[in-house]
Amino acid sequence: MAAINKIGSKLKRKGNYLLRDISHSLGLYTDFYSHARGCRIVIYHGVCMRDHTKFNPIFLTLKTLRQHFKLYKKHFNVVSLDDYYEQKFSNEKFNICLTFDDGFANNYKYVLPLLNEFKIPATFFITAVRALGHDILWNDFLGIAGKYGPDEIVYKNEPYFKGTYNKYVSKDDGIKLTDKLHSNGFEEKAEMMRILYPLIPFKQNKPDEDYWLQMTDEQIGLLGASPFANIGAHGRYHNDLAKISTNDAAAELVFSKQYLENLIQKPVSSFAFPYGSYTPEVIESAKEAGYRQLLATDFIFAEDHNDPAMRERFTVNPFISANNQMYATITRKYEK
């Protein structure tokens, strides 16, 4: 019965999406947009030309992103992060604020030209891994390892096999390697990359760079010079700040801010928590470091709602059409 209900729910969801696309093409959603009011911050990540699910489920194709931008320009009032915090909103349109996480070079390559073309602002949350000699985030490395790596590996004398979605799972305790490393500092994650890289020489495949390559210092500087781009911090190593020591989290917050400010020669006052994860102590450390805009995904603690520095964001779904994404963004819910 559960399987039947699941199939029925999936068919209903697809039907709703199809009906909404047809209605959009017939111009039946004009009134919906014209009467929509409110505000939302949305999260994007990587952008690629094609095959957006090749390594992970958070990328969007450039074609789809362009469709998003066309709809934003037509139906929404796109505001900067500063204007969002200051509530400089339109009373005649739904207000939207665009953010891009993780500092991918594809953001500089594909998104910046779109911002210039459509004359709309966005904020980019970037890590400081480039300052430490790395050009890939550890979690992206594991995503590539799952695609191109061997069916079985041994890491620190522990055997792993490829499980669901090509994630490496321990044969000893059934825990994913990603989950084990998630709770550790970057030193162990860097060691994992050093050990496994000889098995997965992915950098030899130039076309795959769009899926993992981080922005260079020069690109970050050029992005920060754009009148349509704002630079925010996203940690030093893309660690889960709630799962490392308070001192290490505080050090990451300070380092990433200083690193980015040196590159763009502007104050960096916004921070997006990697994985949307944080603690009250992390929030306090962020404020002490000088951040006045703190971006979560969903609030974790009741007091977050009353904190003027905290804001929630809505993650873009790469598996639905642009029309359906606009509808979900306004209503803040996806089809179940």
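Visitor: In what sense do E5 and E6 pair, and over how many bridges?

Guide: In this predicted model, E5 and E6 pair in the parallel sense, over three bridges. For a landmark, look for Phe100, which stands opposite Phe124 in E6. To get from E5 to E6 the chain passes through H5, and the β-α-β crossover it makes is right-handed.

Visitor: Which strand do five bridges join to E6?

Guide: That's E10, residues 229-233, and E6 and E10 run parallel. Phe124 is a handy marker here too: it stands opposite Ile231 in E10.

Visitor: How many residues of E6 are buried?

Guide: Buried means under 20% relative accessible area. In E6, residues 122-126, five of the five residues are buried, so the strand is largely enclosed by the rest of the structure. Try reading it face by face: Ala122, Phe124 and Ile126 are buried on one side, Thr123 and Phe125 on the other, so both faces are covered.

Visitor: And what about the lead-in to E6? Is Ile120 buried or exposed?

Guide: Ile120 is found in the loop between H5 and E6. Its relative accessible area is 4%, so Ile120 is buried. Now check what Ile120 touches: leaving out residues up to four places away in sequence, the contacts are Phe69, Lys73, Val78, Leu98, Leu115 and Phe228. Take Phe69 from that list: Ile120 and Phe69 are 51 residues apart in sequence, yet their C-alpha atoms are 8.7 Å apart in space.

Visitor: What do the buried residues of H9 pack against?

Guide: They pack against H5, E6, E10 and helix H10 (246-264). The residues in question, from helix H9 (residues 217-224), are Gln219, Ile220, Gly221, Leu223 and Gly224.

Visitor: Let's switch to aromatics. What describes a pair of aromatic rings?

Guide: You want the distance of the centres and the angle of the planes. This structure holds 25 aromatic pairs. Take Phe55 and Tyr148: the ring centres are 5.7 Å apart and the planes are at 80°, so the pair is edge-to-face. It also links distant parts of the chain, 93 residues apart: Phe55 is in the loop between strand E2 (47-48) and strand E3 (60-61), while Tyr148 is in helix H6 (residues 138-148).

Visitor: Where do Phe55 and Tyr148 fall on the accessibility scale?

Guide: Phe55, at 12% relative accessibility, counts as buried. Tyr148 has 36% and counts as partly exposed.

Visitor: Why is the pair of Phe59 and Phe104 edge-to-face?

Guide: Planes over 60 degrees apart count as edge-to-face. The rings of Phe59 and Phe104 have their planes at 65°, with centres 5.1 Å apart, so this pair is edge-to-face. Phe59 lies in the loop between E2 and E3, and Phe104 in the loop between strand E5 (94-101) and helix H5 (105-118), so the pair ties together parts 45 residues apart in sequence. Both Phe59 and Phe104 are buried.

Visitor: Which residues form one aromatic cluster?

Guide: Tyr29, Phe32, Tyr33, Phe69, Tyr72, Phe76, Phe94, Phe118 and Tyr327 do. You've met Phe69 already, as one of the residues that Ile120 touches.

Visitor: Last one: which rings have the charged end of Arg236 or Arg311 over them?

Guide: Arg236 has its charged end over the ring of Phe255, 3.8 Å from the centre. For Arg311, go to Tyr85: the arginine lies over the face of that ring, 4.3 Å from the ring centre.

Key
Residues numbered from 1 in each chain as written. Predicted model: local features only at pLDDT ≥ 70, side-chain atom pairs only at ≥ 80, totals over all residues. Heavy atoms only, no water. Phe/Tyr/Trp six-rings, centres within 6.5 Å; stacked < 30°, edge-to-face > 60°. Helix = DSSP H or I, 4+ residues; strand = E, 2+ residues; numbered from the N terminus. Buried < 20%, exposed > 50% of the residue type's maximum accessible area, 1.4 Å probe, protein only. Lys NZ or Arg CZ within 6 Å of the ring centre and 35° of its normal. Pairing = 2+ DSSP bridges. Right-handed = clockwise from strand over helix to strand, strands pointing away. Contact = heavy atoms within 4.5 Å.
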